[in-house]
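These are my notebook entries on one protein chain, written down in the order in which I looked things up. I keep each entry to what I could read from the structure.

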Amino acid sequence: MPFEPINPPQFPTPIAPYSAGARAGNTVYVSGVLALGEGGAVLHIGDAAAQTRHVLDVIKATIEAAGGTMADIAMNHIFLTDLDDYAAFNAVYAEYFPGDKPARYCIKCELVKPECLVEIASVAHLG
């Protein structure tokens, strides 16, 4: 099945060869999102809550560009550099998923840029 790349206009130029998302049939895959601006500049350094909000805003824009909503997200893959940020992350996350919660997992790891504290990749099913 062919896929359609999804690159909303507010998505910054990627720092590697990828699209913000891809739609294959009714499934949308959102690439791992970091709190990055143009040129790969890290945004909200040291603030896990603000980085989480930025990441989820980008995911929301990508899903909407594919014709869906945040309620269509079925799975989130979450990466945190410090589990001390888990509570701040969850507080913001809950704002974006107030109803039924998608499946998810969360791991502690290093991210591609040391100033990044949060990364999320998502899978949504539309329709």
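**Entry 1: a proline in a loop**

Between which two elements does the loop with P102 lie? I keep in mind that this is a predicted model. I found P102 in the loop that runs between helix 2 and strand 5 (103–108). I then asked whether P102 is buried or exposed. Its relative accessible area is 10%, and because buried means under 20%, I noted P102 as buried. Not counting residues up to four places away in sequence, I listed I73, A74, M75, N76, Y93 and F97 as the residues that P102 touches. I also looked up a distance along this stretch: P102 and L117 are 15 residues apart along the chain, and their C-alpha atoms are separated by 21 Å.

**Entry 2: strands side by side**

I turned next to the pairing of the strands. Strand 1 and strand 2 run antiparallel and are joined by three bridges, and within this pair I saw that I6 stands opposite G21 in strand 2. Strand 2 also runs antiparallel to strand 3, this time with four bridges, and here A24 stands opposite T27 in strand 3. The hairpin of strand 2 and strand 3 has two residues between the strands, and G25 in this hairpin takes a positive phi near 65°.

Which residue has a positive phi although it is not a glycine? I wrote down H44, with a phi of about 55°. H44 lies in the loop between strand 3 (27–33) and helix 1 (48–65), and it counts as partly exposed, at 39% relative accessibility.

**Entry 3: the nonpolar cores**

In soluble globular proteins, nonpolar side chains tend to be buried together, and I wanted to see where that happens here. The largest nonpolar core has 27 residues, of which L56, I59 and I120 touch the most other members. I noted the elements that give two or more residues to this core, namely strand 3, helix 1, strand 4 (73–80), helix 2 (86–96) and strand 6 (118–125). Which of them gives the most? It is helix 1, with six residues.

I followed I59 further and, leaving aside its neighbours within four places in sequence, found it in contact with V30, V33, M70, I73, I120 and S122. Another core, of six residues, lies apart from the largest one, and among its residues are L36, V42, F79 and L111.

**Entry 4: two polar residues of helix 1**

I looked up Q51, which lies in helix 1, and found that it counts as buried, at 0% relative accessibility. Which residues is Q51 in contact with, leaving aside its neighbours within four places in sequence? My list reads A35, V42, L43, H44, I45, G46, E115, C116, L117 and V118.

H54 is also found in helix 1. At 19% relative accessibility H54 counts as buried, because the cut-off is under 20%. With the neighbours within four places in sequence again left aside, H54 is in contact with L34, A35, L36, L43 and H44. The loop residue H44 from my second entry therefore appears in the contact lists of both Q51 and H54.

**Entry 5: salt bridges**

How many salt bridges does a search of the whole structure find? It finds two. In one of them R53 is paired with E95, and the closest N and O atoms are 2.8 Å apart. This pair links distant parts of the chain, since R53 belongs to helix 1 and E95 to helix 2, 42 residues apart. I noted R53 as partly exposed, with a relative accessible area of 31%.

K60 and E64 form a salt bridge as well, with 3.1 Å between the closest N and O atoms. Because K60 and E64 are four residues apart in helix 1, they are separated by about one helical turn. K60 counts as partly exposed at 33% relative accessibility, and E64 counts as partly exposed at 41%.

**Entry 6: a nonpolar patch outside**

My last search was on the surface. I15, Y18 and V112 form a nonpolar patch there, and together they have about 270 Å² of accessible area. I15 lies in the loop between strand 1 (4–6) and strand 2 (21–24), and I noted it as partly exposed, with a relative accessible area of 41%.

Definitions and conventions
Residues are numbered from 1 along each chain as its sequence is written. This is a predicted model: local features need pLDDT of at least 70, side-chain atom pairs count only at pLDDT 80 or more; totals for chains, interfaces and linings use all residues. Side-chain values use heavy atoms; hydrogens and water are left out. Patches are made of residues with over 30% relative accessible area and no salt bridge: like charges are joined within 9 Å, nonpolar side chains (Val, Leu, Ile, Met, Phe, Trp, Tyr) within 5 Å. Accessible areas come from the Shrake-Rupley method with a 1.4 Å probe; for residues, only the protein chains shown count as cover. A salt bridge is a side-chain nitrogen of Lys or Arg within 4 Å of a carboxyl oxygen of Asp or Glu. Buried means under 20% relative accessible area, exposed over 50%, partly exposed in between (1.4 Å probe, protein chains only). A nonpolar core is a set of buried Ala, Val, Leu, Ile, Met, Phe, Trp, Tyr and Cys residues joined through side-chain atoms within 4.5 Å. Contact means heavy atoms within 4.5 Å. Two strands pair if DSSP finds at least two bridges between them.
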